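Please find below my note on the model, set out as numbered points for discussion.

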Amino acid sequence: MWTFMAECHKKKLQKIMEAKSHVQVASCKITGDSGSRATMKLEMECLNWEKCFGDWINAQKSLVKFLNGWLIKCISQENEETCNGIAHFSPGRVGAPETFIVCKNWYQAVEKMSESQVSAAIHDFASSLHQLWEKQSEERQQRVQADYLTRDYERRIRSFYEERGINYSNGTAASGVAGLDELEKNLGFMKKRLEKQRIIHVQAVKEVNAASSSLRSGMMSIFEALESFCLERLKGYQQIRNPNKGGGKV
């Protein structure tokens, strides 16, 4: 099983590494806040993945620990004194059946294995998603503000022309209109504010795309950790001794 899982994670890692580009999240034409909602949902799924993975590993450890403890209770445990002191209890030294020996080795192998690297990689990826969600929310706010200022600016100019019975289309102002210079003077502050807001929004878009570009490396870290974890588990199980094979591996 562990060989198959390690190979699967290796193939996933290779596919991610072969990907030459990432999606420019802020460039996607997503209406409303559906993009940030999708990011938040993915973050929650990753945190749940991290929890379920930890629960799965802990359940395996608890099962082996319980089974080993239950079997040990069936063996008479008499302390054996040696020149170095009291020897550590071993089912093999008291002539216990092979099942007891294999279970003890299994328990020791499982206890040495750690899932912390995988959990950390998934958690870091979830953190990256949270940062992306924050950037998406900020970009959306700046976009809404820029759109509002643009509409308000155009509305004021359009209103100026309509009050004078002049057709205004596509934002093109006619020259020689009475009061135009005064209008431009009055709207000068609004125009500067609009231009500043557009610059802020462009920067917000860049930050969203920068945050999205880190997701690829985050996914690579997860599958690298999963592959290493599976290989470590495989190695641990291969080292379990089988008494029937003269101390060989299971």
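The points below go from confidence and overall make-up to one helix and then to the salt bridges.

1. This is a predicted model, in which local features need pLDDT of at least 70 and side-chain atom pairs count only at pLDDT 80 or more, while totals for chains, interfaces and linings use all residues. Residues are numbered from 1 along each chain as its sequence is written, and side-chain values use heavy atoms, with hydrogens and water left out.

2. The mean pLDDT (the predictor's confidence in each residue, from 0 to 100) is 80 for the chain, and 74% of the residues score at least 70. Confidence is highest in helix 2 (residues 34-72), with a mean of 92, and lowest in strand 2 (residues 85-86), with a mean of 52. Where pLDDT is low, the predicted coordinates should not be read in detail.

3. The chain holds seven helices and four strands (DSSP runs numbered from the N terminus, helices being H or I with at least four residues and strands E with at least two), in the order α-α-β-β-α-α-α-α-α-β-β. Of its 250 residues, 33% count as buried (under 20% relative accessible area, against over 50% for exposed and in between for partly exposed, with a 1.4 Å probe and protein chains only).

4. In helix 1 (residues 2-18), the end C-alpha atoms are 24 Å apart, in agreement with the expected span of 24 Å for 17 residues (1.5 Å times one less than the number of residues). Trp 2, Ala 6, His 9, Leu 13 and Ile 16 are buried there, and they cover an arc of only 85° around the axis, which puts them on the same side of helix 1 (the arc is that of the directions from the helix axis to the C-beta atoms). Phe 4, Lys 15 and Glu 18, on the other side, are exposed, while the cover over the buried residues includes helix 2 and helix 7 (215-238).

5. The count of salt bridges (a side-chain nitrogen of Lys or Arg within 4 Å of a carboxyl oxygen of Asp or Glu) comes to six. One of them joins Lys 61 and Glu 115 at 3.5 Å, N to O; because Lys 61 lies in helix 2 and Glu 115 in the loop between helix 3 and helix 4, the pair ties together parts that are 54 residues apart in sequence. Both Lys 61 and Glu 115 are buried.

6. Asp 152 forms a salt bridge with Arg 155, with the closest N and O atoms 2.5 Å apart. Asp 152 is buried, at a relative accessible area of 11%, whereas Arg 155 is partly exposed at 47%. Through salt bridges that share partners, Asp 152, Arg 155 and Arg 156 form one network.

Conventions: Contact = heavy atoms within 4.5 Å.
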